[in-house]
Amino acid sequence: MLRDRLVCGIGDDRIQRRLLSEPDLTFEKALKLAQAIETASKDVKDLQSHLKQRTKCLQSSSSLRSRTSITLVTGVESLGSSRVSMATAGPVEVYLDLLSQPCRALHILLNCTDIPHKVHTVALRRGENRSPEFTRLNPMQKVPVVVDGGFVLTESDAILKYLVTKYDVPEHWYPRQPERRARVDEYTAWHHSNTRPHSAKVFILEVLLPSQSGSPVDAVHLTRALAQLDDTLDKLESMFLRRQPFLCGDDITVADLLAICELMQPVGGGRDVLQDRPQLQRWRSRVQSAVGDAFELAHTILYAVRDRRKAKL
């Protein structure tokens with residue numbers, strides 16, 4: 001019979017059994033069945049090979065993640081251990097004018113962390129920041145500036161973060177944990193277009209411009225500046241001090257230093273911008289308590305400006 005001759009000529013037992021089960025087997029039907037079975041068999045083998053390869057990849061990936069995790073942990077530990085000890089560090093040179101808010105923030109940090117340093121006073125009111133010597137150091141003619149060996153760094157935000165990253169100071173100043181550090185970066189980014197300009201503008205309008213020009217305070221512009229500052233203070237309370245003692249969490253950070261020094265600036269004109277804000281007053285007290293005498297030391301010159309101005313009124 002045709003079926004027997006077809007089946008006997010096939011070497012694959014599975015195909016033979018399948019063909020023998022067909023009652024009306026023709027050559028065309030036998031060919032299609034044989035091809036279908038062979039294709040299915042090949043697909044199964046390919047799938048098995050793929051699954052084996054996938055399993056190997058997953059095992060390799062798991063091993064890599066494990067090694068990476070160990071490396072990351074070791075890296076974090078080495079980051080902490082590589083910080084410069086205060087006992088062996090040479091002093092950093094800092095160029096400051098304590099009438100400058102960012103300079104006061106830096107001054108407070110240096111004194112309450114005991115980072116070795118040497119202060120060079122640059123009197124902005126006398127134009128010392130425009131001298132050839134200082135301009136070579138910082139072409140932008142701004143303070144503060146830090147010189148650490150041969151490394152010169154400007155911009156207060158960068159300086160504060162550099163110092164607390166390099167030196168062996170308490171981690172809370174600029175946390176290594178990514179989310180906590182991001183909160184500090186979040187505030188300092190916001191600070192430069194909110195707290196800083198709005199606080200400074202009040203001091204400029206109420207103290208600097210009248211003293212330089214001899215003209216009275218521009219009441220219209222001052223009222224507008226105070227309204228802008230009030231909006232900033234609202235955001236400090238609702239965004240950053242919401243249910244936490246400091247701007248970025250449970251501990252003081254460099255963000256608090258930058259903020260408090262800006263908000264203290266109008267004190268030079270006899271104005272306490274936190275007077276009617278109990279939440280911000282409590283925050284200020286916590287900052288003062290955290291940094292101790294370094295706070296009053298940094299603000300001595302500002303208090304003197306306030307007292308001289310009061311004596312003239």
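Here are some short exercises, with worked solutions, on the predicted model shown above.

**Exercise 1. Get an overview of the chain: how many helices and strands are there, and what share of the residues is buried?**

Start with the secondary structure: the chain has 12 helices and 4 strands. Next comes burial, where 38% of the 313 residues count as buried. Then look at the surface: about 17,700 Å² is exposed, and carbon and sulfur atoms supply 54% of that area. Finish with the contacts. Among those with a separation of 6 or more, 66% are between residues 24 or more positions apart.

**Exercise 2. Find Pro 170: where does it lie, and is it buried or exposed, or something in between?**

First, place the residue: Pro 170 is in the loop between α6 (156-166) and α7 (178-191). Second, check its accessibility. Because its relative accessibility is 44%, Pro 170 counts as partly exposed. Third, jump along the sequence to Thr 253, which is 83 residues from Pro 170. In space, the C-alpha atoms of Pro 170 and Thr 253 are 9.9 Å apart.

**Exercise 3. Describe the ring pair of Phe 151 and Tyr 162: what are the distance and the angle?**

A pair of aromatic rings is described by how far apart the centres are and by the angle of the planes. Searching the whole structure gives 5 aromatic pairs. In one of them, Phe 151 and Tyr 162 sit 5.1 Å apart, centre to centre, with 50° between the planes. Planes under 30 degrees apart would be stacked and those over 60 edge-to-face, so an angle in the rest of the range is called tilted. That is the label for Phe 151 and Tyr 162. Now for the location: Phe 151 belongs to strand β4 (residues 151-154) and Tyr 162 to helix α6, 11 residues apart. Both rings belong to partly exposed residues, with Phe 151 at 38% and Tyr 162 at 22%.

**Exercise 4. Turn to helix α7: why are Tyr 187 and Trp 190 about one helical turn apart?**

Begin with the geometry: Tyr 187 and Trp 190 form a tilted pair, 5.9 Å centre to centre and 50° between the planes. They are about one helical turn apart because 3 residues separate them in helix α7. Check burial next: Tyr 187 is buried at 0% relative accessible area, and Trp 190 also counts as buried, at 14%. Then add Phe 240, which ring pairs link with Tyr 187 and Trp 190 into a cluster. For one more ring, go to Tyr 174, where Arg 181 lies over the face, 4.0 Å from the ring centre.

**Exercise 5. Follow two salt bridges: which parts of the chain do Arg 196 with Glu 262, and Asp 230 with Arg 277, connect?**

The whole structure holds 13 salt bridges. Take Arg 196 and Glu 262, whose side chains meet at 2.6 Å, N to O. Arg 196 is in helix α8 (residues 195-213) and Glu 262 in helix α10 (residues 254-264), so the bridge ties together parts 66 residues apart in sequence. Arg 196 is partly exposed at 28%, whereas Glu 262 is buried at 1%.

Now take Asp 230 and Arg 277, which meet at 3.7 Å, N to O. Asp 230 is in helix α9 (residues 219-240), while Arg 277 is in the loop between α10 and α11 (278-291), 47 residues away. Asp 230 is partly exposed at 37%, and Arg 277 is buried at 13%. Last step: shared partners join Asp 230, Asp 234, Glu 237 and Arg 277 into one salt-bridge network.

Key. Residues are numbered from 1 along each chain as its sequence is written. This is a predicted model: local features need pLDDT of at least 70, side-chain atom pairs count only at pLDDT 80 or more; totals for chains, interfaces and linings use all residues. Side-chain values use heavy atoms; hydrogens and water are left out. Buried means under 20% relative accessible area, exposed over 50%, partly exposed in between (1.4 Å probe, protein chains only). Contact means heavy atoms within 4.5 Å. Accessible areas come from the Shrake-Rupley method with a 1.4 Å probe; for residues, only the protein chains shown count as cover. Rings of Phe, Tyr and Trp (its six-membered ring) pair if their centres lie within 6.5 Å; planes under 30 degrees apart count as stacked, over 60 as edge-to-face and the rest as tilted. A charge sits over a ring if NZ of Lys or CZ of Arg is within 6 Å of the ring centre and within 35 degrees of the ring normal. A salt bridge is a side-chain nitrogen of Lys or Arg within 4 Å of a carboxyl oxygen of Asp or Glu.
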